[in-house]
Amino acid sequence: MQFDGVRPDDITMVLVLSACADLGALELGKWVQHYIDKEGIPRSEELCNALIYMFAKFGDIDEAIKVFRNMNEKTIVSWSSVIVGVAMHGRGQEAVDFFDEMRRVGVKPDGVALIGMLTACSHAGLVVQGCRYFDSMVNEFSIVPKIEHYECMVDMFSRAGHLSKALEFVQEMPIEPNPVIWRSLIYGCRSHGELELSESISKRLIGDEPMHGSNYVLLSNVYAKMFKYEKKTKIRKVMEKKGIKTVPGCTMIELNNEIYEFVAGDKSHDQYEDIYKMVDEMGRAIKKAGFVATTSDVSLDIDEEDKEDTLNRHSEKLAIAFALLNSPPRTMIRIVKNLRVCTDCHAATEFISKVYEREIVVWDRNGFHHFRDGSCSCKDFW
């Protein structure tokens, strides 16, 4: 369009921003924002909403809030976008404040805004408030809860360790629970040591979805936590026999307008030798600062030293090492993980952020983690 001299309008830029969000290309997205302002393209409600979504998805929630605040008129989509955005970043009280402000200015909440509020309560451990918002859906706002709202509630109870309440909630649901709900329960059980219950639910999931690879992986990981390596091996053999394949974990990072992808044990990068040296240096530095590896995350029957070595080769650590080598000191690091970040990588990243004085933003399948000065925004509710 630019080469042909065709001037884009706001709808064109909405589509371009959507593409940037799908690619995870923050720097390109920022360039698009500057282009919009330089070319004087009107910031319609749809365009502002696209900017909010893009920045929130990239982990730059403060820029998303700035766009929201500068809007002349805000629709329910605008309010819902910013509420869901801050919720995904673990800023529960801020989501509550936006929700209250929305109601004060006379905008009636919709189902999406309530998903944002329930997500915020889940990620911040605000169980009492979450229950109140869920009850208000029908009683105050005349909104019939959908499966997504039930997912948020089960996730909230499970993260907070209220497993009996979560199970009771599932049993009393007026609609059939889906696999997302059962997986939330499994993660909660694993996190809070209820391994027998986690095993039972995992077996149920396999019965419901016998060809879904992640269900077998969940059960396999439970057996590893229980040190039942024979059963774990049996699960893997069943997967091989059925031809079930799983999605490998990978981590992406954007640097100098290029996107790099790493997998565990990756040696395909031109700098892999330097990256591995950096990983080893990181490991020594954070150990000196008090870090202890969570070797229970390794589902292999090997000795402790080999388990630590396996953890050090996780894709998250490779991406962070690459960023430390190739970006200026004290600049922010942003990475995207296609799966859930493991406990060891989460704890290690907290220490890395402190030792190397870096703010690190990690987006995994459960939401955002902002690591700064040795702590994470999720407060271990992830």
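Lys and Arg count here as positive and Asp and Glu as negative, while His and the chain ends are left out of the count. With that convention in hand, colour the charged side chains of this predicted model: the chain carries 47 positive and 58 negative side chains, and the centres of the two sets lie 3 Å apart.

**The whole chain**

Zoom out next and show the chain as a cartoon, in which 18 helices and six strands can be picked out. If you align the view with the principal axes, the C-alpha trace spans about 60 × 55 × 40 Å. The radius of gyration is 22 Å, which agrees with the value near 21 Å that a compact globule of 382 residues would have, so the chain as a whole fits that expectation.

Switch to a surface representation, and the accessible area comes to about 18,800 Å², with 52% of that area belonging to carbon and sulfur atoms. Colouring by burial instead would mark 50% of the 382 residues as buried. If you draw the contacts between residues with a separation of 6 or more, 63% of them join residues 24 or more positions apart.

**Aromatic rings**

Now select the rings of Phe, Tyr and Trp, among which a search of the whole structure finds 14 aromatic pairs. One of them is formed by F68 and W79, an edge-to-face pair whose centres are 4.9 Å apart and whose planes make an angle of 75°. The two partners are eleven residues apart, with F68 in helix 4 (residues 61-69) and W79 in helix 5 (residues 76-88), and the pair links distant parts of the chain. Both F68 and W79 are buried, and a clipping plane may help in viewing them.

Move on to F134, Y150, F157 and F169, which should be selected together, since ring pairs link these four residues into a cluster.

**I186 and its surroundings**

For the last stop, centre the view on I186, which sits in helix 11 (residues 179-191). Is I186 buried or exposed? Its relative accessibility is 0%, and I186 therefore counts as buried, the cut-off for that class being under 20%.

Which residues are in contact with I186, once its neighbours within four places in sequence are left aside? Select S198, I201, S202, L205 and L218, and you have the set of contacts that remains under that condition. To finish, draw a distance from I186 to T310, a residue 124 positions away along the chain: their C-alpha atoms are separated by 24 Å.

Technical notes. Residues are numbered from 1 along each chain as its sequence is written. This is a predicted model: local features need pLDDT of at least 70, side-chain atom pairs count only at pLDDT 80 or more; totals for chains, interfaces and linings use all residues. Side-chain values use heavy atoms; hydrogens and water are left out. Helices (H or I, at least four residues) and strands (E, at least two) are DSSP runs, numbered from the N terminus. The radius of gyration is taken over C-alpha atoms; the globule rule is 2.2 Å times the number of residues to the power 0.38. Buried means under 20% relative accessible area, exposed over 50%, partly exposed in between (1.4 Å probe, protein chains only). Contact means heavy atoms within 4.5 Å. Accessible areas come from the Shrake-Rupley method with a 1.4 Å probe; for residues, only the protein chains shown count as cover. The place of a charge is taken as NZ of Lys, CZ of Arg, CG of Asp or CD of Glu. Rings of Phe, Tyr and Trp (its six-membered ring) pair if their centres lie within 6.5 Å; planes under 30 degrees apart count as stacked, over 60 as edge-to-face and the rest as tilted.
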